[in-house]
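The exercises below concern salt bridges in a predicted model. Work through each task before reading its solution.

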Amino acid sequence: MARHILIFEDAHFGDFAPISLTRPVYLMRAGIFPQYERIRRGLRADRMTFMCRNQIAPLLAEQIPDFPVNIIKRGQDDLLLVNGRIREFGDLVERLADERYTRGFESNGELVAMLLKAETLEALPAIAPGEDYLKFFGAENESVPRHKTSATLYRYPWEFVEDIDRSIGRDFRVLEPEFGVPNGVKVHDGAFFVNENNVFLGDGVTVLPGAVIDASAGPVYIGANTRVEPHAAIAGPTYVGPNSVVLAGKITASSIGHTCRVGGEVEESVFQAYVNKYHAGFIGHSYVGQWVNFGAMTTNSDLKNNYSTIRVSVNGESIDTGSIKVGSLIGDHTKFGIGTLLNTGISVGVCCNIFGGSLVADKDVPSFRWGTTGEWTDYRCDKAVETAQRTTERRNVTLSDREIGVLRDIASGERSEEGVLSL
């Protein structure tokens with residue numbers, strides 16, 4: 001029977017702020033694929049539907065138009081609900097292959113997936129809004145038996161950073177059978193490759209003299225129409241998305257989204273997309289949202305002088321990450337002036353404008369802040385949106401009314417969990 005997968009976000013979405021303020025967790029990634037694409041491939045979806053907060057649903061539908069959002073067409077298929085925070089599939093794929101009954105699968109007391117057989121759904125209309133399904137799931141929840149699974153869930157955003165190395169390697173191997181002979185690739189004399197068989201260059205990639213691509217420690221995937229400039233070094237496992245520019249400096253074990261400009265030093269970090277780090281400076285062990293700009297010499301700390309584990313503020317609570325290397329969590333549309341220094345394990349919200357050329361000593365900078373430590377003021381929403389519009393226009397992108405609406409909700413402090421599935 002065909003498989004219809006419904007990827008949902010649950011009540012833990014807030015633990016992935018500031019990245020999750022503007023997107024569901026299943027749009028985040030550790031490797032080449034975002035979460036939803038890993039799920040689609042790993043669980044072999046024939047159809048896929050998204051469920052998320054009503055607050056961000058219109059924006060998600062605009063950004064990923066190929067899949068319905070909060071509208072479910074029942075059909076004759078079984079329906080598999082999958083938590084968008086899934087980290088490892090464990091035994092889930094095998095157990096679902098022969099499952100003939102409606103049942104849930106949980107790990108550490110949290111729902112990982114729930115299989116609803118087609119006959120279980122017959123009481124629902126052929127097409128129904130997400131609210132109807134939420135009520136149905138809630139009513140069915142207590143009667144559906146649950147079984148333990150070895151599958152696991154992401155709990156905090158820094159765990160995506162921890163998974164970069166193995167995720168890029170895994171995704172590269174998944175994609176390898178699909179590699180064709182790319183068109184229009186230009187590798188100039190003087191560019192140097194190490195373990196070239198572990199490197200993939202997409203259509204239209206240009207690698208200029210003096211660039212080094214080293215895949216000896218893991219694969220390197222460079223997306224279409226990306227330009228690797230002189231004195232740039234890329235060390236695997238690393239993914240660089242399409243339409244990007246890699247400038248002088250070094251990228252190591254990182255996942256760089258599409259349409260980024262990356263120079264200086266980047267180590268074990270995820271850049272969502274449209275990130276501008278054109279100049280020298282270090283960013284390490286960090287998760288960076290979209291449309292973030294790093295001024296020249298902006299640098300973060302990802303290691304304490306005493307090598308103790310790093311604590312991060314999550315929803316106002318200080319959480320011990322258990323890791324000695326955690327850098328920065330940075331929300332969309334935030335800008336850093338030249339020479340900004342970022343504290344170890346700092347969380348910086350959406351639409352901040354930080355400057356002053358000194359250490360930002362705070363551990364948690366809320367969204368829409370202007371200034372630096374000890375001198376914060378509110379960043380007016382209309383001014384922040386105006387800056388965001390100018391930024392996107394520089395990349396020939398129009399900031400949509402739906403994204404502006406999400407930014408205004410964040411600025412006003414409005415947070416709604418309507419549309420979130422809690423079972």
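A search of the whole structure gives 24 salt bridges. Three of the pairs are treated here, one per exercise.

**Exercise 1.** Find the salt-bridge partner of Glu 9 and state which parts of the chain the pair ties together.

Solution. The partner is Arg 53, with the closest N and O atoms 2.8 Å apart. Glu 9 sits in the loop between β1 (3–8) and α1 (35–42), and Arg 53 in the loop between β2 (47–51) and α2 (57–63), so the contact ties together parts that are 44 residues apart in sequence. Both Glu 9 and Arg 53 are buried.

**Exercise 2.** Locate the two residues of the salt bridge between Arg 41 and Glu 178, then classify Arg 41 by accessibility.

Solution. In this pair the closest N and O atoms are 2.9 Å apart. Arg 41 belongs to helix α1, while Glu 178 lies in the loop between α6 (164–175) and β11 (186–187); the two are 137 residues apart. Arg 41 has a relative accessible area of 28%, so Arg 41 counts as partly exposed.

**Exercise 3.** Describe the salt bridge between Glu 162 and Arg 87, compare the burial of the two residues, and name the network that includes them.

Solution. The N to O distance is 3.5 Å. Glu 162 is in helix α5 (residues 158–162) and Arg 87 in strand β5 (residues 86–88), so parts 75 residues apart in sequence are tied together. Glu 162 is partly exposed, at 42% relative accessible area, whereas Arg 87 is buried, at 15%. The network of salt bridges links Arg 87, Glu 88, Glu 159, Glu 162, Asp 163 and Arg 166.

Methods: Residues are numbered from 1 along each chain as its sequence is written. This is a predicted model: local features need pLDDT of at least 70, side-chain atom pairs count only at pLDDT 80 or more; totals for chains, interfaces and linings use all residues. Side-chain values use heavy atoms; hydrogens and water are left out. A salt bridge is a side-chain nitrogen of Lys or Arg within 4 Å of a carboxyl oxygen of Asp or Glu. Helices (H or I, at least four residues) and strands (E, at least two) are DSSP runs, numbered from the N terminus. Buried means under 20% relative accessible area, exposed over 50%, partly exposed in between (1.4 Å probe, protein chains only).
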